[in-house]
Structures are given as C-alpha cells and as structure tokens.
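Hi there,

Here is the structure I promised to pass on to you. Have a look at it first, and then read on for what turned up in it.

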Amino acid sequence: MGELFFRVPQFRIRPLSAPEVRKDPIVNRWVLISTDRLGRPQEVGESAPVDRLSQCPFCAGNEHLTPPAILQVPETREWRVRLVPNTFPAIRGEGPFRARSDGLLIGGPAAGRHEVVIECPNHEANLARCSADHVADLIRALASRMRHWRVERPDLYPFWFKNHGAASGASLEHSHSQLVGLPWTPELVRQEMEGGLRHFESNKTCIFCDLIDQERAAGLRIFSESPRFVAFSPYASRFPCEVWILPTDHRSHFDRADEDELAEFGELYHRILRMLDLGLDDPPYNAFIHTTPLVAPDLPHYHWHMEILPRLTGIAGFECGTGLNINPVPPEQAAEYLRSID
C-alpha cells in the first residue's frame, strides 16, 4: 500500500478485472495483487497549493468528491469523522474466499471490503494536533464499524491501519486511515495467535498479560499508562521508538470494548501521537490494530493491541532478504526519551 514509484502509462499496465490474492508456493505467505490501486492520487511529499486544497476530497464541504458516507460522526453537516468506500480499493467484492489451485500455485478472487476513515473535517495532516476527544470519537467509530461487520460480514478479518508521512506509504496529506475487510486472517496475526496458544498450553496464562506484568516489574520500557491501558517500547523493537498499546485487563476483541474503554484508549493513542510529534519532529509512522478474528470466540491466549512504527530507519536489502530489521536505538533508551517528552 506504499507510494507508487513508477508512472502508470509508461508501463501500460493492464488492469485486472478484480483483485486477487496469491500464495507463494515455497513459504507460507500471501500477497495481494490489485491494479485498482494504480489510479489513486499521490500528493504526500509535495507542497499543497491553495487551489488543490479546495479540491481535497476529504475536507468538509467536499463530500461530493467521495462516495456517500457509510458512517459519519456525528450524523450532521458538522461531522468529525467519516467512513467512505475506498475509490481505489486493494480488495473488493462479495462472497467468501475460495482458493483455486493449479499445481503448486494457489490463489483466487480477493473479495472483501476497503474503506477510508477520514479522521477530521479540516485539512489537518497530523492527527496529533487534533483534540484527545476527537481521537476518542475516531476510535469509537472504528469499533462501531467492526461491530457492523460482525453482523453483516463476520467472515472478514477487520484490519485497520494508518500511514502517516511519505516514508510510511501515505498518498494523501489530509489525515486519514483505512479499514480493510480481508477474506483471511493475516499471517502476522496468525503467528501471534499461534505463539499465544503455545504459551497458554504450557503455562495456562496469556503471554500478553504476562508480558505486561514483566514490563511493569522491570520499569525500563513502559513510558505511559492510563487506568486500563499501557504503552511501552517492546523488547525486540523493529524500529526506533516503536510503541505497543495494550489493555491491561485481558481482552481478545477490539470491537467488544465498551465506550469508556474506547474513549480511554483514544486518549492514550492521542497522547502517544503527541509525544512522537513533539519528541521526534512529526515522524512518518505506520499504525495498526491486531485483534482476534470476528468469527472466533473470546480467546484466553490472545490480546488485541495497537502497534505504532515510526519510520526513522529504512527497509533495505538486509531486511528484505532476511526478514530481520536492524534497529539502531535500544528500546530502553527510546522509552526513557519518550517518558521525558510526556
């Protein structure tokens, strides 16, 4: 979902009739092939002239430039958050995913949902500069939409993510994020769930809950807390100042949090964004939520959480070829610095 580094007409790419998911025949990894993404606008990294801002599709007053809202908070002209279908979806279509095989090759139509979360009505590029109440409204809107999918499309995995800044893969300047309904559980989430299950079978406890207890006892990497949430730099951070936010009580589904929990989570998320903005000079970052699949019951071994990855270092040949990130900043020092910002 990153920036497009080539000109579409030059390559004369023939669009697919529909997005596809394909499985690598050697490693257990899926990829998404979606030519629908080729026509999306690309403005991050450029200066924004006034005449272009007047045509920003995400600004209040320009609602006619997007598809009709799926969800709007509040449902008045003075909205704060809007969710609309993505005009350039990576995935689309109805019906369950049914993989087809051709010898060693496995793939099929990528049916699902792809929605844009317009996070504020004014042309603000940085969510950290909105109010904490506003960010809480955003978090409640995400949970509301996932609850809708739980009834309407429980077969989809709800993956929310945010790209901020050109180095993160963001394409439009106006603060926004995306909610994608995938026809399968992402491999990273599956790996987390399988690791949690192994720990539970051996110890009869949730590894995420145990990790919170150990981090609190150590006091080295936690840098911010609220009554029901904790934020820390993980021991094996992939990027400098990487952040995980977890509920302190065991919770497996993000969308099942109550309104007070969601508001408190939104306020802590806002506080972390403010720290990054002030302490790291508005860095590019990726953020996403990992949650238990909608069709699964509450699990004793998996804990929903948010990860925020400041993109202060790049991904190059070593990382691509080995799957290992090189992080030049020890997380203990990152947490110490972020505590000083708080």
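The protein has eight helices and 14 strands; both are DSSP runs numbered from the N terminus, with H or I over at least four residues for a helix and E over at least two for a strand. Please keep in mind that this is a predicted model, in which local features need pLDDT of at least 70, side-chain atom pairs count only at pLDDT 80 or more, and totals for chains, interfaces and linings use all residues. Residues are numbered from 1 along each chain as its sequence is written, and side-chain values use heavy atoms, with hydrogens and water left out.

Of the 342 residues, 49% are buried (buried is under 20% relative accessible area, exposed is over 50%, and partly exposed is in between, using a 1.4 Å probe and protein chains only). Among contacts with a separation of 6 or more, 70% join residues 24 or more positions apart; a contact means heavy atoms within 4.5 Å.

A good place to start is helix H6. It covers residues 259-280, 22 in number, and spans 31 Å from its first C-alpha to its last, close to the expected 32 Å (1.5 Å times one less than the number of residues). At its N-terminal end, Asp258 acts as a cap, with a side-chain oxygen 3.1 Å from the backbone nitrogen of Asp260. This is a polar contact: a pair of N or O atoms within 3.5 Å, where within protein one must be able to donate a hydrogen and the other to accept it, and residues adjacent in sequence count only if both atoms are side-chain atoms. After H6 comes Asp281, with a positive phi near 60 degrees. Asp281 sits in the loop between H6 and strand S13 (285-290), and it counts as exposed because its relative accessibility is 68%.

Which helices pack against H6? One of them is H3 (residues 132-152), at an angle of about 130 degrees with the axes 7 Å apart. Axes are lines fitted to C-alpha atoms, for helices over the stretch in contact, and angles run from 0 to 180 degrees between N-to-C directions. H3 and H6 are therefore oblique to each other (under 35 degrees is roughly parallel, over 145 roughly antiparallel, 65 to 115 roughly perpendicular, and the rest oblique). The residues in contact include Ala136 and Ile139 of H3 and Leu262 and Phe265 of H6.

Another is H8 (residues 331-341), which packs with H6 at about 95 degrees, the axes being 9 Å apart. That makes H6 and H8 roughly perpendicular. Met275 and Leu276 of H6 are among the residues in this contact, as are Tyr337 and Leu338 of H8.

Now for the loops. Ser168, between strands S8 (157-164) and S9 (176-182), is buried at 8% relative accessible area. Its side chain reaches the backbone nitrogen of His164 at 2.9 Å, and a polar atom of that side chain lies 2.6 Å from the backbone oxygen of Gly165.

Lys204 lies in the loop between helices H4 (187-203) and H5 (207-218). Its phi is positive, near 60 degrees, although Lys204 is not a glycine, and at 59% relative accessibility Lys204 is exposed.

Lastly, find Pro74 in the loop between S3 and strand S4 (81-85). The peptide bond from Val73 to Pro74 is cis, with omega near -15 degrees.

Enjoy exploring!
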